Number of protein chains: 2
Amino acid sequence: MYRLYDYPPSGNGYKVRLLLSQLAIPFDYIELDILKGETRTPEFLAKNPNGRIPLLELEPGNYLAESNAILFYLAQGTPLWPENTLARTQVLQWMFFEQYSHEPNIATPRFWLCHLPELNTYQEAALPYKQEQGYQALTVMDQHLANRDFFVQGQYTIADIALYAYTHVAHEGGFDLEQFSQVRRWLHRVASQPNYVPISQTEFAG
Amino acid sequence: MYRLYDYPPSGNGYKVRLLLSQLAIPFDYIELDILKGETRTPEFLAKNPNGRIPLLELEPGNYLAESNAILFYLAQGTPLWPENTLARTQVLQWMFFEQYSHEPNIATPRFWLCHLPELNTYQEAALPYKQEQGYQALTVMDQHLANRDFFVQGQYTIADIALYAYTHVAHEGGFDLEQFSQVRRWLHRVASQPNYVPISQTEFAG
């Protein structure tokens, strides 16, 4: 059985939990507390030298890191990874957008504001810059969704899961989604998919 | 013929130029100056709403953004995109590592130090943090390469191209590669591949 190393509030971890739930794949869940340094121990660094969750253990000693690469692996052979090359490329395009233009600007402020007791000098200086960039990412998404139900070719894919994870909790990073009506409608569409689970659910049938 | 919108010093653009050269695919080259705002004009934003290069025009009006997604598209059916699912996932794992843990911490300092007349308050505060994170990324790469010629299954893939682009110019971002002997040997291996072109080459047979 798959074993998922994860930190429950993590949106990156939630992407994997959500997809596993939607594909009805059982898994063992190993909870690590990143605030206590549990992803920087020698034991965990031997599993993922980059010291990050989520980490999926496929079989003993065989690990996959990077949430969006894990989504790619799990979605093979399912409708969440489209058939044709252009659609597949567009799925990856949005997933790279998510990791470069979205997650560092929306997830990171959420982590700082919700999980740290206070901000250091760098974080204080970076917060307004990241929030501006985060709003730019949300604007790009809202424009794209103006005439589309989902991000790629009208079909629910792992690009939607990747972007949903931190968008639906963006308010915890200080973002107001009021002006992004297309994004809000899309959030409801994603949350209406079969076998949806909320980010707060950390107990799994498996 | 493909048309590549690019900024010549960009490592993200260079990834695409290098792969096109190695696959001997001719292309038109449209040079934009990001310092003059040429990727933020209404005309360019109509092509890529995220306002970034590289952008590959497949045919008139059909655009692909995100350098690593473009690599994925171009490498289909070639040995640079492996055959089996686990190897493909590992290629993507390293490409997501590149965009999340490597590029923002190595390419961004390079851009700030080489291309901006002076740093603003945020950049001043962020630079040491990014350089520390950049060294962590290089350490992860060096460890991984200790007993490997290339990043995934001993084979030259688009993961190597993605990571090469900003690693081989990391010194321009203030990074010293002296302590990373495995990385330096791997840089030589990549530069020895057939049809290699340097980042500074901006004239193309096409």
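**Exercise 1.** Determine how many bridges join strand S1 of chain B to S2(B), and place that pair in its sheet.

*Solution.* Strand S1 (residues 2-6) of chain B is joined to S2(B) by 5 bridges, and the two run parallel; strands are DSSP runs (E, at least two residues; helices are H or I, at least four), numbered from the N terminus, and two strands pair if DSSP finds at least two bridges between them. Within this pair, Asp6(B) has Glu31(B) of S2(B) as its bridge partner. The sheet of chain B is open, with 4 strands in the order S2-S1-S3-S4 and mixed pairing. Strand S2 (27-31) and strand S4 (62-64) of chain B are at the edges, each having a single partner strand, so one side of each lacks a neighbour in the sheet.

The model is predicted: local features need pLDDT of at least 70 and side-chain atom pairs pLDDT 80 or more, whereas totals for chains, interfaces and linings use all residues. Residues are numbered from 1 along each chain as its sequence is written, while chains are lettered from A and ligands numbered from 1 in the order in which they are written.

**Exercise 2.** Work out which element gives the most to the side of chain A that touches chain B.

*Solution.* The contact (C-beta atoms, placed from the backbone, within 7 Å) takes 28 residues from chain A and 28 residues from chain B. On the side of chain A, the elements giving two or more residues are strand S4 (62-65), helix H3 (67-75), helix H4 (85-115) and helix H5 (121-144). Of these, H4(A) gives the most, with 10 residues.

Methods. Contact = placed C-beta atoms within 7 Å.
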